[in-house]
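User: Please take a close look at one part of this model and follow it outward into its surroundings. I would like a connected account in prose, with each term explained where it is used.

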Amino acid sequence: GKERTLGMIKPDGVSGNYTEEIKMIIVDSGFSIVNERLTQLDKETASAFYEEHSSRSFFPDLVSYMTSGPVLAMVLEKRDAVSDWRGLIGPTDAQKAKISHPHSIRALCGKDSQRNCVHGSDSTSSAEREIKFFFEDVVSDDIASHQ
Ligand code: CMP
């Protein structure tokens, strides 16, 4: 059956005007965008979203990056949505993606291992948590929402 995952266009993707191109790739790849929300994360919400990385050395930089501008969170639906979306975005390090996965979204618009343009849930349980995070619980300060 169908599955849902959380896809997100990060601040560099939104400010770099990649939103429409990425959405085209998403739809062409067989996903439905069943919900979306353009929102500005603050320090507290970005830290909560990336809680599992809080002990990593890159965490403070990650929080600064993720709060540097609006993000577009999307609920993506198709069969095997979690793994197919991870495949479509490519490896975390966008520099590596450009070599090993040249047709991936991170190869298209990512810069490096941090500013990698897009996010995807890494498991069905993460997907459930992250969809709730953006669409039910934590994030409420919408800039604009659709559908
Ligand atoms: P994402 O897939 O959203 O999950 C965690 C994020 O942390 C990742 O994308 C990057 O933006 C960031 N990240 C992961 N590894 C590193 C790293 N080695 N250096 C800097 N940022 C990283």
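Analyst: A residue is called buried here if 20 or more other C-beta atoms, placed from the backbone, lie within 10 Å of its own, exposed if 12 or fewer do, and partly exposed in between. The model is a predicted one, in which local features need pLDDT of at least 70 and side-chain atom pairs count only at pLDDT 80 or more, whereas totals for chains, interfaces and linings use all residues. Residue numbers run from 1 along each chain as its sequence is written.

The part chosen for this close look is helix H5, residues 81-89. Helices (H or I, at least four residues) and strands (E, at least two) are DSSP runs numbered from the N terminus. Within H5, the buried residues are Ala81, Val82, Trp85, Leu88 and Ile89. These residues lie on the same side of H5, because they cover an arc of only 135° around the axis (the arc of the directions from the helix axis to the C-beta atoms). An α-helix has 3.6 residues a turn, so residues three or four places apart point the same way.

The buried residues of H5 pack against several elements, in the sense of contact (C-beta atoms, placed from the backbone, within 7 Å). These partners are strands E1 (2-9), E3 (71-79) and E4 (118-120), together with helices H7 (105-109) and H8 (124-135). Just beyond the end of H5, Gly90 adopts a positive phi of about 85°.

Arg86 also belongs to H5, but this residue is partly exposed, with 17 other C-beta atoms within 10 Å. Leaving out residues up to four places away in sequence, Arg86 touches Gly120 and Asp122.

H5 also contributes to the largest nonpolar core (buried Ala, Val, Leu, Ile, Met, Phe, Trp, Tyr and Cys residues joined through C-beta atoms within 7 Å), which has 32 residues and in which Met8 and Ile105 have the most contacts. At least two core residues come from each of E1, helix H2 (19-28), helix H4 (59-66), E3, H5, helix H6 (94-100), H7 and H8, and E3 gives the most, with six. In soluble globular proteins, nonpolar side chains tend to be buried together. Ile105 links this core back to the helix, since its contacts outside four places in sequence include Leu88, Ile89 and Gly90, alongside Ile22, Ile25, Cys117 and Val118.

Cys117, one of those contacts of Ile105, lies in the loop between H7 and E4. Its phi is near 75°, a positive value in a residue other than glycine, and Cys117 counts as buried, with 26 other C-beta atoms within 10 Å. A second positive phi in a residue other than glycine, near 60°, occurs at Asn17, in the loop between H1 and H2; Asn17, however, is exposed, with 9 C-beta neighbours inside 10 Å.

The surroundings of H5 also carry record annotations, given by UniProt in the numbering used here, with feature names shortened, and possibly inferred rather than shown by experiment. An unreviewed UniProt entry places the feature "binding site" at Lys10, Phe58, Arg86, Thr92, Arg106 and Asn116. Lys10 sits in the loop between E1 and helix H1 (11-15), where it is buried, with 25 C-beta neighbours inside 10 Å. Beyond four places in sequence, Lys10 touches Met66, Val71, Cys117, Val118 and His119.

His119 is covered by the annotation "active site", again from an unreviewed UniProt entry. This residue is found in strand E4, one of the elements against which the buried residues of H5 pack, and His119 is itself buried, with 21 other C-beta atoms within 10 Å. Its contacts outside four places in sequence are Met8 and Lys10.

His119 also appears among the residues around the ligand (each with its backbone-placed C-beta atom within 6 Å of that molecule), together with His53, Phe58, Leu62, Thr92, Ser113, Gln114 and Asn116. Of this set, Ser113 has its C-alpha atom 8.6 Å from that of Lys96, although the two are 17 residues apart in sequence. Lys96 is found in helix H6 and is partly exposed, with 16 other C-beta atoms within 10 Å.

Key
Contact = placed C-beta atoms within 7 Å.
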